[in-house]
Amino acid sequence: MDGVPNVTRADAVAAVRNPLAFIAERWTPAPRTVQRAALTALVMSVVIVVTGGAVRLTGSGLGCPTWPKCTDDSLTTTGAMGLHGAIEFGNRLLTYVLCAAVGWAIIAARSQKPYRRSLTRLGWAQFWVVMSNAVLGGIVVLVGLNPYTVAAHFVATSALIAIAVVMWQRTREGDTEARPLVGKSVQQLVRVLVAATVLLILVGTVVTGAGPHAGDSSEVERMPLDWETVSKVHAVLAWIVVTLTFALWFVLKAVDSPRLALDRTRDLFVVLLAQGVIGYVQYFTDLPELLVGLHMLGSALVWIAVIRVLLALRERAEPAVDLPGSATEATVGSRA
C-alpha cells in the first residue's frame with residue numbers, strides 16, 4: 001500500500017496562497033475531463049433556470065421571506081414554512097451546486113497542460129456571473145418579487161448560459177485566431193438571428209412580468225402591460241427567429257457550408273418548433289404550470305442552440321495536449 005506523500009510547510013503555504021496553482025502542479029486532467037467539467041457547468045446553469053421557474057410556478061417565491069437568511073431567525077427553512085419554504089430554500093441550495101460545478105470547471109481548465117488563460121477566464125466569468133446573480137436573487141426576495149428584478153435575474157442566467165456554451169466549445173478548440181468558415185453575408189445573417197433571439201428572450205421576460213404567474217400567492221406587483229398583447233408580440237418575434245433559422249439553413253445549403261453548421265442549424269429549427277408548439281398550447285390552455293415550466297426549459301435550449309450555430313461558423317485548431325506518460329489522467333509526482 002502506497003504511503004501518503006509528505007507535505008512540507010512550504011507546500012501548505014503555497015496551497016493557501018494559490019490553491020489553483022498548487023493543484024495544477026500536481027494534477028493534469030485528460031482533455032475529456034475538462035470538456036465534461038465545462039459541460040457540467042452548462043447543465044447546472046440550465047437546471048437552475050428550471051428550478052427557478054418551479055419556485056415561481058408553485059407560488060414559492062417568498063417561501064423564504066428574507067435574504068441571505070431564510071427568515072429573520074433562521075438560516076434554513078423551518079417546518080412552519082411548509083412546502084413553499086422548502087421549495088424556495090431548495091433552489092437556494094442548488095446555487096451552491098452550481099458554484100461547485102463552475103468551480104470544478106475552473107480547476108480543470110487551470111490544471112490543463114499547456115495552461116490556457118482564455119479558457120480559465122471563461123470559467124471565472126461564469127463564477128462572477130453566478131455570484132452577482134445570487135445577490136440579485138436576494139434583492140428579488142427583498143423587494144417582494146418586483147417583476148423588473150425578476151426579469152433581470154433571468155437575463156443574467158441567460159448570460160451565464162452563453163458563457164458556459166462558449167467555454168464548452170473552447171475546450172475542444174485551441175487558442176489560435178478563429179478562422180471563418182462562411183462569407184460575411186452569412187455571418188451577418190447569423191448576427192441578426194442572435195439579436196432577434198436576444199430580443200425574443202427579453203420580451204419573454206416581459207410576458208412573465210405581466211402574466212398571471214407572479215411567483216407568490218400574496219399581492220405581487222406586475223408590469224403595467226396587457227399580457228395578451230405582449231404575448232402576441234412575443235409570438236411574432238418567435239416566428240421571425242424561425243424564419244431567420246430556415247433562411248440560414250437554406251443559405252448554408254446553397255453555399256455548401258461545413259456539415260456542422262448545417263446540423264446545428266437543423267437542431268435549432270427542431271428546438272424552435274417544439275418550443276413553438278409548447279408556447280401555443282400553453283397560451284390556449286390558460287398557462288398550466290407544467291407547460292410554462294417546459295417553455296422556460298425550451299427558452300434555455302433555444303438560446304444554447306443559437307450560440308452553438310454562431311460558434312459553428314468559425315474554427316480554431318485543436319488544443320495541444322501535454323499529458324505526462326499517456327493520454328489519460330495522470331498525477332504529477334508530489335514533492336517529498
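**A disulfide, a helical core and an aromatic cluster**

The link between cysteine 64 and cysteine 70 is left-handed, with -75° about the S-S bond. The model behind this value, and behind everything that follows, is a predicted one. The two sulfur atoms of cysteine 64 and cysteine 70 sit 1.9 Å apart, and the disulfide count comes to one. Are the two partners buried or exposed? Cysteine 64 has a relative accessibility of 0%, so it counts as buried. Cysteine 70 likewise comes out at 0% relative accessible area, which puts it in the buried class too, because that class takes in anything under 20%.

As for the overall layout, the chain has 10 helices and four strands. Going along the sequence, the order is α-α-β-α-α-α-α-β-α-α-α-α-β-β, so two helices come before the opening strand and two strands close the pattern. Of the 336 residues in the chain, 45% are buried. The exposed surface adds up to about 17,300 Å², with 66% of it supplied by carbon and sulfur atoms. Among contacts between residues at least 6 apart in sequence, 79% bring together residues at least 24 apart.

How far can the model be trusted, residue by residue? The chain has a mean pLDDT of 88, and 89% of its residues reach 70 or more. Confidence peaks in helix 6 (residues 147-170), at a mean of 96, and bottoms out in strand 4 (residues 330-331), at 40. Over residues 323-336, pLDDT stays under 50. For that stretch, the model still has 29 contacts beyond four places in sequence.

Now for the inside of the protein. The largest nonpolar core holds 70 residues, and the members touching the most others are Ile161, Leu252, Leu268 and Trp303. Which elements give two or more residues to this core? The list runs through helix 3 (31-57), helix 4 (82-111), helix 5 (117-142), helix 6, helix 7 (184-210), helix 8 (227-254), helix 9 (259-284) and helix 10 (289-311). Helix 10 provides the largest share, with 11 residues. Trp303, one of the four best-connected core members, is worth a closer look. Leaving aside residues up to four places away in sequence, tryptophan 303 touches Ser158, Ile161, Ala162, Val194, Thr197, Val198 and Ile201. Ile161 thus turns up twice, as a contact of tryptophan 303 and as another of the core members with the most partners.

The loops between helices hold some unusual backbone geometry. Where are the cis peptide bonds that precede proline 68 and proline 114? Proline 68 lies in the loop between helix 3 and helix 4, and the peptide bond leading to it from tryptophan 67 is cis, with omega near 10°. Proline 114 sits in the loop between helix 4 and helix 5. Here the cis bond runs from lysine 113 to proline 114, and omega is near -5°.

Two aspartates have positive phi values although neither is a glycine. Aspartate 256, in the loop between helix 8 and helix 9, has a phi of about 55°. Its relative accessibility is 69%, so aspartate 256 counts as exposed, the cut-off being over 50%. Aspartate 286, in the loop between helix 9 and helix 10, has phi near 65°. With a relative accessible area of 70%, aspartate 286 is exposed as well.

Finally, the aromatic side chains. A search of the whole structure turns up six aromatic pairs. In one of them, the ring centres of tryptophan 124 and phenylalanine 127 lie 5.4 Å apart with the planes at 85°, so the pair is edge-to-face. Both residues belong to helix 5, where they are three residues apart, or about one turn of the helix. Phenylalanine 127 also pairs edge-to-face with tryptophan 128, at 5.0 Å centre to centre and 75° between the planes. Together, Trp124, Phe127 and Trp128 make up one aromatic cluster. How exposed are its members? Tryptophan 124, at 33% relative accessible area, is partly exposed. Phenylalanine 127 is partly exposed too, at 22%. Tryptophan 128, by contrast, reaches 55% and counts as exposed.

Terms used. Residues numbered from 1 in each chain as written. Predicted model: local features only at pLDDT ≥ 70, side-chain atom pairs only at ≥ 80, totals over all residues. Heavy atoms only, no water. pLDDT = per-residue confidence, 0-100. Contact = heavy atoms within 4.5 Å. Disulfide = S-S within 2.5 Å. Buried < 20%, exposed > 50% of the residue type's maximum accessible area, 1.4 Å probe, protein only. Core = buried A, V, L, I, M, F, W, Y, C linked by side-chain atoms within 4.5 Å. Areas by Shrake-Rupley, 256 points an atom, 1.4 Å probe, with all protein chains shown as cover. Phe/Tyr/Trp six-rings, centres within 6.5 Å; stacked < 30°, edge-to-face > 60°.
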